[in-house]
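User: Please take a close look at one sheet of this model and describe how its strands are arranged. I would also welcome an account of the nonpolar cores.

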Amino acid sequence: QVQLVESGGGLVQAGGSLRLSCAASRSISSANYMAWYRQPPGKQREWVAIMTSGRNTDYSDSVKGRFTISRDNVKNTVYLQMNSLKPEDTAVYFCNIARRTGILDYDFWGQGTQVTVSS
């Protein structure tokens with residue numbers, strides 16, 4: 001079992017920046033899927049950013065050019081750098097780290113961290 005602990009959320013003014021961290025309790029070097037999702041108030045959870053094996057990344061249209069996902073295998077941590085934040089980015093943000101190969105697969109989620117962007 002891997003525990004994921006998210007941090008870095010908080011209250012920020014529009015146009016500001018935050019960096020979310022998702023620290024794993026053990027090595028994530030075998031993971032081939034890392035992602036951030038968010039759940040705005042009263043809405044369903046939505047995908048925000050993904051990094052797959054080979055460090056290929058993709059972003060939802062709503063955050064493309066503003067958010068950056070990265071990983072540090074030494075620190076067992078996945079990050080989400082969020083710049084030029086907008087009020088519509090307000091949500092609970094969740095990290096997801098998984099191995100999806102058919103061999104020794106796993107799929108873990110963090111508990112979520114609140115991001116509030118004021119106008």
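Analyst: In this predicted model, four strands form an open sheet in the order 1-3-8-7, and their pairing is antiparallel. The edges are taken by strand 1 (4–7) and strand 7 (67–72); each has a single partner strand, so one side of each is left without a neighbour in the sheet. Direction ignored, neighbouring strands of this sheet are turned by 15° against each other on average.

At the edge formed by strand 1, the pairing with strand 3 (residues 18–24) is antiparallel and runs over four bridges. Within this part of the sheet, Val 5 stands opposite Ala 23 of strand 3. As a general point, strands of a sheet pair through backbone hydrogen bonds, either parallel or antiparallel.

Turning to the nonpolar cores, the largest one has 30 residues, of which Trp 36, Leu 80, Met 82, Tyr 93 and Ile 97 touch the most other members. Two or more residues are given to this core by each of strand 3, strand 4 (33–39), strand 5 (46–52), strand 7, strand 8 (77–82), strand 9, strand 10 and strand 11 (113–118). A second core, separate from the largest, comprises five residues, among them Tyr 33, Tyr 37, Ile 50 and Ala 98.

A residue outside the sheet provides a contrast in setting. Ile 103 is located in the loop between strand 9 (91–99) and strand 10 (106–109). Ile 103 counts as exposed because its relative accessibility is 56%, where the cut-off for exposed is over 50%. Met 51 is 52 residues from Ile 103 along the chain, and the C-alpha atoms of the two are separated by 19 Å.

Terms used
Residues are numbered from 1 along each chain as its sequence is written. This is a predicted model: local features need pLDDT of at least 70, side-chain atom pairs count only at pLDDT 80 or more; totals for chains, interfaces and linings use all residues. Side-chain values use heavy atoms; hydrogens and water are left out. Two strands pair if DSSP finds at least two bridges between them. Axes are lines fitted to C-alpha atoms, for helices over the stretch in contact, and angles run from 0 to 180 degrees between N-to-C directions. Buried means under 20% relative accessible area, exposed over 50%, partly exposed in between (1.4 Å probe, protein chains only). A nonpolar core is a set of buried Ala, Val, Leu, Ile, Met, Phe, Trp, Tyr and Cys residues joined through side-chain atoms within 4.5 Å.
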